[in-house]
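I opened the notebook to record what I looked up in this structure, one topic at a time.

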Amino acid sequence: MAKWNNMTNVTFDEIQAGASASLTRTLSQTDIEVLALVSGDVDPFYVAGDGTANVRPAARTTEAAGAEALIAAALGTRLPGPGMKILRESLQFRGTIAVGDTLTATVTAKEKRAEGAEVAFACRCVNQEGEELVSGTVTVAAPMQRIAYAEVVPPELTLRRGDAFARLFKACEGLPAVPCAVVHPCDRDSLLGPIEAARRGLIAPVLVGPADRIQAVARAEGVDLGSYRVVAVPHSHAAAAKAVELARAGEVEALMKGSLHTDELLGAVVPSAAGLRTSRRISHIFVMDVPSYPRMLLITDAAVNIYPKLKEKVDIVQNAIDLAHVLGIEEPKVAILSAVETVTPEIESTLEAAALCKMADRGQITGGVLDGPLAFDNAISLEAAQTKKIRSPVAGQADILVVPDLEAGNMLAKQLTYMAGAEGAGIVLGARVPIVLTSRADSVRTRLASTAVMALVAHARRTGKFPAR
């Protein structure tokens, strides 16, 4: 961690006209994100998706905030340093900034006033090309007493590296709404979620369940269901069966879980004769937006297959790779997780990981780059992988994490959510249509993201870009 080793101020009496100090900083992605946030009204759905910020024209620009912040840092850490207070400023802004730019702020004392210990500084900030971004004057109250610090550690921030969900919503713009059977939407969340998705143009919902209960929830929430199709059935079992029937008939292109148990819905999906089975094993995939991770992260299987064996894991991996392609990851890096990164006969998941990698080498799994076994730290941290001398095209930069079993996957996804501020959209693949499994704990944004993933899969199936098996 970098330190400012010696930070000693210059008092009002010591400052002489013409005294000058400079501070230089090369901008990182974190710097840009922070400056976008402090510069104005930023749309939370579209910040940091591609290293830029959608700052509204009426707001102070990111460029202004960046250069101004560096000038303030020069005044606060160099001249006069600790103890000063900015009183007023008159600055002019111009130009643009980007990740990798090197900015230099220079402050020069030009006038002193004994009253209030005021010092006016001429200030300017330039980039590595010498282009002036800021010029003008800042007046400060200079410190009257000596203040000195040793080995000051500047604050570090962990911001959202890339808004994965924003990219999902963006990718859905302009796509036709997907006819989707919402199965038993008989409580507030399971009804309002799909209605909001419909308002955003993601789905055309078909509400399947007891009509009187659905209408009662709608009345309680002030929702008009007049423009939506309601298919009346007596109970949740019948709702699941009817939704599957609508999918088999081609009337809907997706299913969404409402206020019924997951087992109840999937129980209607899996029968080979009347369900939606294909030759592919059904599996669940979390699409995670983890603030501290620089890419979208897929975790599988954390909700359907409890203790999958090698044969089932082949389909679990292939389902995840196929989804990654739909989400714009051309050649996903797949980490097969275990507790260790070496093949160990006593740990079955390491043997299965090695077998999956060999199967990928021989074309039995296609479309991704596999490696394993990898421990979690080696899969997502280049530093951890390098420390353990692991040479791998996957280690430290995984797009997909394949867990040993449902317990491990469920705990991993929830730990990322509740301890790392992650958000997780979820989808089930391997059936004839994509299936959205929502949770009562899901936020509106997470429910919409799950629906967006489903919409992208449905569109890919429509256009022949998603394998139908």
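**Entry 1: around R280**

I began with N319, which counts as buried because its relative accessibility is 2%, under the 20% cut-off. The model I am reading is a predicted one, and I kept that in view throughout. I found N319 in helix α8, and I noted that its side chain makes a polar contact with the side chain of R280 at 2.4 Å. Leaving out residues up to four places away in sequence, I listed what N319 touches: R280, R281, I282, S283, I285, L429 and G430.

I then asked myself which other side chain makes a polar contact with the side chain of R280, and I found that of D322, at 3.3 Å. D322 also lies in helix α8, which covers residues 310-326. Is D322 buried or exposed? I read a relative accessible area of 9% for D322, so this residue is buried. My entry for R280 therefore holds two side-chain partners from α8, N319 and D322, both of them buried.

**Entry 2: helices α6 and α7**

Next I looked up how helix α6, residues 236-248, lies against helix α7, residues 262-269, and I wrote down that their axes come within 9 Å and cross at roughly 40°. That angle makes α6 oblique to α7, because an angle has to be under 35 degrees to count as roughly parallel. I also noted the hand of the crossing of α6 and α7, which is right-handed.

Which residues of the two helices meet? On the α6 side I listed S236, H237, A240, A241 and V244, and on the α7 side E264, L265, A268 and V269. Sorting the residues of this contact by type, I recorded 6 nonpolar, 2 polar and 1 charged.

**Entry 3: backbone geometry**

Before going through the backbone I reminded myself that most residues other than glycine have a negative phi, and that most peptide bonds are trans.

I looked up cis peptide bonds and noted the one that joins L79 and P80, where omega is about 5°. P80 sits in the loop between α2 (62-77) and β3 (85-93). I also noted that the bond from G372 to P373 is cis, with omega near 5°; P373, however, is found in a strand, β15, which covers residues 369-374.

I then turned to positive phi values at residues that are not glycine. A117 has a phi of about 50°, and I placed A117 in the loop between β4 (102-113) and β5 (118-126). K389 has a positive phi of about 60° and is likewise not a glycine, and I found K389 in the loop between α11 (382-387) and β16 (400-402).

Are these two loop residues buried or exposed? A117 is buried, with a relative accessible area of 7%, whereas K389 counts as exposed at 71% relative accessibility.

**Entry 4: the whole chain**

Last, I looked up the totals for the protein chain, and I counted 13 helices and 18 strands. Of its 469 residues, 51% count as buried, and N319, D322 and A117 are among the buried residues I had already entered. Taking the contacts in the chain with a separation of 6 or more, I noted that residues 24 or more positions apart account for 72% of them.

Definitions and conventions:
Residues are numbered from 1 along each chain as its sequence is written. This is a predicted model: local features need pLDDT of at least 70, side-chain atom pairs count only at pLDDT 80 or more; totals for chains, interfaces and linings use all residues. Side-chain values use heavy atoms; hydrogens and water are left out. Axes are lines fitted to C-alpha atoms, for helices over the stretch in contact, and angles run from 0 to 180 degrees between N-to-C directions. Helices (H or I, at least four residues) and strands (E, at least two) are DSSP runs, numbered from the N terminus. Angles under 35 degrees count as roughly parallel, over 145 as roughly antiparallel, 65 to 115 as roughly perpendicular and the rest as oblique. A crossing is left-handed if the near helix is turned anticlockwise from the far one by less than a right angle, and right-handed if clockwise. Contact means heavy atoms within 4.5 Å. Ala, Val, Leu, Ile, Met, Phe, Trp, Tyr, Cys and Pro count as nonpolar, Asp, Glu, Lys and Arg as charged, and the others, Gly among them, as polar. Buried means under 20% relative accessible area, exposed over 50%, partly exposed in between (1.4 Å probe, protein chains only). A polar contact is a pair of N or O atoms within 3.5 Å; within protein, one must be able to donate a hydrogen and the other to accept it, and residues adjacent in sequence count only if both atoms are side-chain atoms.
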